[in-house]
Amino acid sequence: MVGYDPKPDGRNNTKFQVAVAGSVSGLVTRALISPFDVIKIRFQLQHERLSRSDPNAKYHGILQASRQILQEEGLTAFWKGHIPAQILSIGYGAVQVYNTLRHAVGTMYRSEGPQVFYKGLAPTLIAIFPYAGLQFSCYSSLKHLYKWAMPAEGKKNENLQNLLCGSGAGVISKTLTYPLDLFKKRLQVGGFEHARAAFGQVHRYKGLRDCAKQVLQKEGALGFFKGLSPSLLKAALSTGFMFFWYEFFCNVFHCMNRTASQR
């Protein structure tokens, strides 16, 4: 994982092993938290209120949305978009080209040209640096707080420490940068309004500022945080699992190296 060095902890992992640990931790984590990502995006794209009191709202809660998606689309719907997400998490391209992904890319390119692949780029770039910085700084601060507050016997459980501190870091950083994620999703589906006409209201946005302005005017300030609850669950589990599995695989490689050096 970029920005995190296991060597101060006394481990003798190589750079390649660190890279592999980061990639595998991303793969495992992405597979585990994919359902929360699907629900979060459904909430973000719903212009109606996430409330039972709104008769036009398709989704209004995590459990209700989970049941409805399962009934209407089946279990595999919770892993829609999982292949490109895995490619993004692992950090390198897959050798095999999947038919569904290839079809989607071809259709998007023919209908709107190469610029379609960069919709939502502005809020993405704006969010990258504060999110990454907040994530690692919060993780480091929470680890120090954990060591200060936890009794001596509790400090021996490093896996629990990594899971709790990683989850806390994910929740804090995701909450502070969440509106940018919502803008990104709204802008990315521009041009596909006809495909979701039956889903609810359809709005068109000219850009990042127009998107923010329309959300505030039509949905209120709370509209900036639609889907925050599944997003926080995802962030807590994602960051917690990411650090947990990263540390786990780094320790596995460290043990392998130590065993090999003793032969």
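**Exercise 1: charged side chains**

K40 and D37 stand three residues apart in helix α1, which means that about one helical turn separates them. State what K40 forms with D37, and find the network to which this contact belongs.

*Solution.* The model is predicted: local features require pLDDT of at least 70 and side-chain atom pairs pLDDT 80 or more, while totals for chains, interfaces and linings use all residues. Numbering runs from 1 along each chain as its sequence is written, and side-chain values use heavy atoms, without hydrogens and water.

Step 1. K40 forms a salt bridge with D37, with 3.4 Å between the closest N and O atoms; the term denotes a side-chain nitrogen of Lys or Arg within 4 Å of a carboxyl oxygen of Asp or Glu. K40 and D37 are both buried (under 20% relative accessible area; exposed is over 50%, partly exposed in between; 1.4 Å probe, protein chains only).

Step 2. Helix α6 (residues 158-188) holds D181 and K184, three residues apart, about one turn of the helix. (Helices are DSSP runs of H or I, at least four residues, numbered from the N terminus.) D181 and K184 form a salt bridge at 3.5 Å between the closest N and O atoms, and both are buried.

Step 3. Salt bridges with shared partners join R30, D37, K40, D181, K184, K185 and K234 into one network.

Step 4. The structure holds eleven salt bridges. Among them is that of K80 and E73, at 2.6 Å from N to O. Here K80 is exposed, at 51% relative accessible area, whereas E73 is partly exposed, at 26%.

**Exercise 2: the faces of α2**

Identify which residues of α2 are buried, and which exposed residues its opposite face carries.

*Solution.* Step 1. The buried residues in α2 are Q64, A65, Q68 and I69.

Step 2. Down the axis of α2, these buried residues fall within an arc of 125°, so they line one face of the helix; the arc is taken from the directions from the axis to the C-beta atoms.

Step 3. The face turned away from the buried side carries the exposed residues L63 and Q71.

**Exercise 3: aromatic rings**

Classify the aromatic pair of F43 and Y59, and locate both residues in the chain.

*Solution.* Step 1. The whole structure contains seven aromatic pairs. In one of these, F43 and Y59 are tilted, at 6.4 Å centre to centre and 45° between the planes. (Rings of Phe, Tyr and Trp, its six-membered ring, pair with centres within 6.5 Å; planes under 30 degrees apart are stacked, over 60 edge-to-face, the rest tilted.)

Step 2. The pair links distant parts of the chain, 16 residues apart: F43 lies in helix α1 (residues 15-45), and Y59 in the loop between α1 and α2 (62-73).

Step 3. F43 is buried at 3% relative accessible area, and Y59 is buried at 0%.

Key
Helices (H or I, at least four residues) and strands (E, at least two) are DSSP runs, numbered from the N terminus.
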